[in-house]
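Reader: Please take one part of this model and go through it closely. I would like a metal site first, and then whatever else can be said about the helices and the chain contacts.

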Number of protein chains: 4
Amino acid sequence: MRMLFLGDVMGRPGREIVGARLPGLVASWKLDLVVVNGENAAGGFGITEAIYEDLLAAGADAITLGNHSFDQREALVFIDRAPALVRPLNYPAGTPGRGAALVEAKNGARVLVLNVMGRIFMDPLDDPFAGLDRALDGAMLGEVADAVVIDVHAEASSEKQAVGHYCDGRASLVVGTHTHVPTADHRILTGGTAFLTDAGMCGCYDGVIGMDKEEPLRRFTRKLASGRFEPASGPASLCGVAVETDDRTGLAVKVAPVRLGGSLGEARPAFWEN
Amino acid sequence: MRMLFLGDVMGRPGREIVGARLPGLVASWKLDLVVVNGENAAGGFGITEAIYEDLLAAGADAITLGNHSFDQREALVFIDRAPALVRPLNYPAGTPGRGAALVEAKNGARVLVLNVMGRIFMDPLDDPFAGLDRALDGAMLGEVADAVVIDVHAEASSEKQAVGHYCDGRASLVVGTHTHVPTADHRILTGGTAFLTDAGMCGCYDGVIGMDKEEPLRRFTRKLASGRFEPASGPASLCGVAVETDDRTGLAVKVAPVRLGGSLGEARPAFWEN
Amino acid sequence: MRMLFLGDVMGRPGREIVGARLPGLVASWKLDLVVVNGENAAGGFGITEAIYEDLLAAGADAITLGNHSFDQREALVFIDRAPALVRPLNYPAGTPGRGAALVEAKNGARVLVLNVMGRIFMDPLDDPFAGLDRALDGAMLGEVADAVVIDVHAEASSEKQAVGHYCDGRASLVVGTHTHVPTADHRILTGGTAFLTDAGMCGCYDGVIGMDKEEPLRRFTRKLASGRFEPASGPASLCGVAVETDDRTGLAVKVAPVRLGGSLGEARPAFWEN
Amino acid sequence: MRMLFLGDVMGRPGREIVGARLPGLVASWKLDLVVVNGENAAGGFGITEAIYEDLLAAGADAITLGNHSFDQREALVFIDRAPALVRPLNYPAGTPGRGAALVEAKNGARVLVLNVMGRIFMDPLDDPFAGLDRALDGAMLGEVADAVVIDVHAEASSEKQAVGHYCDGRASLVVGTHTHVPTADHRILTGGTAFLTDAGMCGCYDGVIGMDKEEPLRRFTRKLASGRFEPASGPASLCGVAVETDDRTGLAVKVAPVRLGGSLGEARPAFWEN
Ligand SMILES: [Fe+2]
Ligand SMILES: [Fe+2]
Ligand SMILES: [Fe+2]
Ligand SMILES: [Fe+2]
Ligand SMILES: [Fe+2]
Ligand SMILES: [Fe+2]
Ligand SMILES: [Fe+2]
Ligand SMILES: [Fe+2]
């Protein structure tokens with residue numbers, strides 16, 4: 001099974017490159033599953049229902065979120081009628097939406113998509129490790145689920161790597177998001193789970209984590225807010241990770257970074273190109 | 001001018017791969033300058049004088065540090081007789097050692113090496129931006145210094161990118177360290193400064209930021225310490241970034257990631273291979 | 001019912017003043033219940049079994065803990081045979097010990113003692129509010145429990161006050177610990193729960209939160225550790241809060257601060273003196 | 001010399017009790033100097049010029065600030081024509097306003113008023129200790145300045161106590177602000193400086209740090225914002241600290257807490273009442 005995960009879509013530049021490139025990638029790489037982190041899709045802050053629909057139309061099978069999940073307040077409402085929208089599973093009980101979704105891949109496979117938030121240097125949510133245990137317990141990889149994708153939205157590389165090892169053998173892919181920078185440590189862990197510390201963002205890299213650099217620089221140097229954060233408007237890059245799984249076990253057999261467009265060095269999965 | 005920067009050397013596995021591979025790289029890539037972050041070289045915590053000498057012997061021209069600078073208390077003493085050892089420049093006045101060193105490269109060029117620490121999610125040191133201004137003011141790139149290398153040791157990708165833009169045009173290279181994961185966003189900023197959010201670590205990646213994974217996993221899941229952190233002991237990777245500068249301006253003309261050995265995908269600067 | 005809560009006992013000076021003064025207070029104030037926070041009793045870091053026994057012998061009916069609960073590793077073992085030792089209830093499942101204890105007061109009353117840790121500026125444990133709900137659900141004040149005492153060990157005044165309001169009417173007393181400074185905002189909330197943001201510490205106040213001031217000052221000014229933290233050794237103060245409850249409802253009817261000895265202004269519950 | 005320091009004035013309830021009570025206190029206690037922290041005076045967030053004038057009219061001789069200094073953007077402008085308005089001295093160079101003001105007391109004495117911000121659990125500003133050294137160097141107590149008042153706006157009790165000891169003998173009063181809870185540890189340090197870890201707030205205490213409790217409780221329990229923070233609107237308390245200095249040395253000879261009105265226990269300086 002062929003899956004593509006794309007990191008945090010950042011405002012209009014991010015949405016545009018996903019809209020422009022994703023349909024072609026689905027076709028040329030014969031993708032069975034696409035998961036996209038959409039927590040910054042609406043001007044950098046949250047997601048709207050219209051954007052959710054657009055991302056699905058472009059080829060996404062599930063959308064994950066993060067600390068910006070509900071920056072657009074409408075998400076608190078429409079998430080309950082958006083079965084492919086997944087927010088961190090370790091929000092308190094009673095939070096709208098779901099932290100786990102069983103979606104049907106383009107090839108008919110059943111894929112469990114999980115989103116979890118780290119707690120190091122972040123808002124103190126419920127225990128991500130215990131939450132993952134509960135979510136994975138009833139969904140044995142290769143039996144109940146043909147594939148399991150875990151988006152661990154976290155600041156600290158240590159916490160993301162710990163989640164990777166913790167779920168190794170129980171997921172097809174554990175991929176970090178939130179730092180908005182793609183890491184180059186894609187690999188398959190000893191238990192068969194593909195891992196990448198951070199998928200990076202889909203957005204313009206000539207800024208500060210996708211934001212126009214002027215206001216962040218002013219805040220860092222003057223310690224005073226003087227304006228709003230706006231997504232950087234230059235050429236965007238699409239960033240993520242490509243994984244091929246064994247259909248029988250659901251574990252990863254190939255992993256490669258994906259970086260297309262903008263100012264980053266291009267990366268494509270050689271094993272799907274010919 | 002050809003320069004190589006290597007990220008945080010992590011314990012014995014990190015020292016061994018640097019010792020084994022760096023001399024050959026200096027020769028085959030005809031390197032003029034090598035800078036290595038050594039804050040974790042001594043068992044993961046700080047650096048000793050013997051290790052400092054070993055790193056120089058392996059080919060390093062300067063060693064930078066970070067939040068673990070003085071974990072080995074002897075560093076508070078020997079740093080004052082170690083002219084190529086650079087600790088963050090934004091420690092308080094009176095801190096042993098120096099935050100800036102003008103070193104002579106292998107080709108005789110004068111290179112200013114700076115080390116600065118970020119403050120987001122880290123110990124509150126002095127203002128890194130103001131400190132960089134002071135350090136760069138008297139060392140105009142292309143005039144006083146033939147090259148300027150800045151190691152920004154920081155947690156947050158936003159702060160590292162802000163430093164990159166802030167120093168763009170004033171440095172040959174701004175490279176982040178501390179997260180122990182190589183990022184894939186190497187590029188040359190609009191002002192001519194090569195930039196990479198994090199160089200990654202020289203150490204074993206089958207752990208948690210280079211530590212054996214058992215103890216970190218216990219602490220994340222049980223919230224209790226139950227043992228010591230020990231560097232992971234598997235095959236190590238050497239990680240960093242290669243930059244070629246224009247001898248006249250000191251600005252970057254080429255940049256490429258370097259990843260050799262261990263479980264990471266190999267990356268070499270094509271422009272130096274033949 | 002008459003209860004006294006004493007804040008974090010800090011090292012030997014704290015233990016000595018508790019040992020010297022508590023027995024007399026139990027007698028003269030005719031105390032029915034004494035709860036003492038013991039997280040710093042062993043040299044500032046954790047508690048040993050011998051100290052636990054000594055505090056009980058001095059008059060304590062229950063001992064609460066905090067972020068230093070297990071600094072003395074023996075506590076991980078002896079806590080399971082120490083029925084009056086209560087650690088924060090929001091540690092992960094499987095943590096040794098208990099977060100709630102139903103103890104028998106000196107007058108035979110059944111008192112539920114809870115310890116919970118805040119998460120703002122602290123280690124990310126489980127949700128303290130949800131944990132308190134679970135602990136309080138089966139222990140209706142005035143029915144199952146004659147009194148309920150909640151020690152909320154937290155840094156932020158906002159979080160401690162939020163716990164107070166959250167449990168108002170369900171507890172006899174909600175009292176904060178951890179900052180090592182007594183606050184002067186003792187009062188009875190609208191639902192009948194006595195509240196104090198912080199009980200302060202039992203220890204020497206001529207230091208930095210009970211530690212000898214030299215090392216903390218060096219760390220604040222030099223940003224380097226240069227020695228160990230040692231409890232300040234001057235005259236100690238005993239600090240806490242006195243509460244009288246209605247025997248029928250278990251709610252508070254009187255509350256007053258207690259400060260005896262050392263460099264602080266003395267405070268005694270006028271309603272028990274005559 | 002008789003001085004009164006009042007903690008963070010919180011919105012309209014805070015302004016009203018200060019306006020109603022301060023003029024009478026100035027008269028009856030024959031106050032020579034009044035310093036008020038005004039960082040929350042405008043609806044909980046910052047200060048306006050009109051409020052600044054009102055506080056002076058009520059009897060304040062200087063107004064200090066904190067992390068909310070510039071929440072009302074007009075403060076960035078009017079602070080430069082407001083000589084008695086003091087913002088933390090460890091903002092970056094170039095920040096509007098001043099961190100130190102030499103004001104004339106009601107008795108004609110010259111009083112140096114300093115405001116500094118802590119960095120533990122707060123935004124990383126410049127070194128507060130080094131900044132205080134610079135501010136105090138030219139203003140020897142008892143010579144250049146008849147009195148020195150330092151408002152240390154900080155979260156951690158450790159950092160506030162460290163500032164107290166650090167400035168002991170160089171200031172008449174070091175008083176903390178920011179937690180919005182009065183502490184009961186008023187005392188005169190060994191060098192002659194009056195100290196209090198936190199002055200508390202002037203506002204309504206039946207809330208969460210002066211805010212109406214509903215929204216804070218929702219955020220703590222649901223981890224989602226669902227409305228705005230509004231100052232709690234019940235009866236307010238006026239909180240602060242009274243200090244009498246030796247006119248010759250400028251050091252403190254008497255210190256007492258002040259708490260008037262609202263739900264807190266009343267405290268008055270007995271040495272000024274008769
Ligand atoms: Fe994001
Ligand atoms: Fe995020
Ligand atoms: Fe490191
Ligand atoms: Fe580091
Ligand atoms: Fe404590
Ligand atoms: Fe504590
Ligand atoms: Fe405040
Ligand atoms: Fe504040």
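Author: What follows starts with one iron site and then turns to two helices and one interface.

The model is predicted. In it, the iron ion (ligand 6) is held by four residues of one chain: C:Glu39 through OE, C:Asn67 through OD1, C:His153 through NE2 and C:His178 through ND1, at 2.1 to 2.2 Å. Along the chain these donors follow the spacing E-x27-N-x85-H-x24-H. The angles subtended by the four donor atoms run from 84 to 149°, so the arrangement is irregular. Four donors would count as tetrahedral only if all angles lay between 85 and 135 degrees.

A second metal belongs to the picture. The iron ion (ligand 5) is 3.3 Å from the iron ion (ligand 6), and C:Glu39 coordinates both. C:Glu39 sits in the loop between strand E2 (33-37) and helix H2 (49-58) of chain C, while C:His153 is in strand E7 (residues 147-153) of that chain, so the pair ties together parts 114 residues apart in sequence. With a relative accessibility of 0%, C:Glu39 counts as buried. C:His153 is likewise buried, because its relative accessible area is 0%.

Next comes chain D. Helix H2 (residues 49-58) of chain D has four buried residues, D:Ile51, D:Tyr52, D:Leu55 and D:Ala58. They span an arc of only 125° around the axis and therefore lie on the same side of H2(D). In general, an α-helix has 3.6 residues a turn, so residues three or four places apart point the same way. The buried residues of H2(D) pack against helix H1 (11-28), strand E3 (62-64), helix H3 (75-78) and strand E4 (85-86) of chain D. On the face turned away from the buried side are the exposed residues D:Ala50 and D:Ala57. Just after H2(D), D:Gly59 has a positive phi of about 130°.

Helix H5 (residues 157-166) of chain D has nine of its 10 residues buried, so H5(D) is largely enclosed by the rest of the structure. Among the buried residues are D:Glu159, D:Lys160 and D:His165. Within chain D, the buried residues of H5(D) pack against helix H4 (128-137), strand E7 (147-153), strand E8 (173-177) and strand E10 (194-196). They also pack against helix H6 (214-222) of chain C.

The last item is the interface of chain B and chain A. About 3,300 Å² is buried between the two chains, with 63% given by carbon and sulfur atoms. Across this interface, zero salt bridges are found.

Conventions
Residues are numbered from 1 along each chain as its sequence is written. Chains are lettered from A and ligands numbered from 1 in the order in which they are written. This is a predicted model: local features need pLDDT of at least 70, side-chain atom pairs count only at pLDDT 80 or more; totals for chains, interfaces and linings use all residues. Side-chain values use heavy atoms; hydrogens and water are left out. Donors are N, O and S atoms within 2.8 Å of the metal (3.2 Å for Na, K and Ca); water is not among the atoms, so sites may look incomplete. Four donors count as tetrahedral if all angles lie between 85 and 135 degrees; four count as square planar and six as octahedral if opposite donors are over 155 degrees apart and all others between 65 and 115; anything else is irregular. Helices (H or I, at least four residues) and strands (E, at least two) are DSSP runs, numbered from the N terminus. Buried means under 20% relative accessible area, exposed over 50%, partly exposed in between (1.4 Å probe, protein chains only). The arc is that of the directions from the helix axis to the C-beta atoms. Contact means heavy atoms within 4.5 Å. Buried area is the accessible area (1.4 Å probe) that two parts lose on being put together, summed over both. A salt bridge is a side-chain nitrogen of Lys or Arg within 4 Å of a carboxyl oxygen of Asp or Glu.
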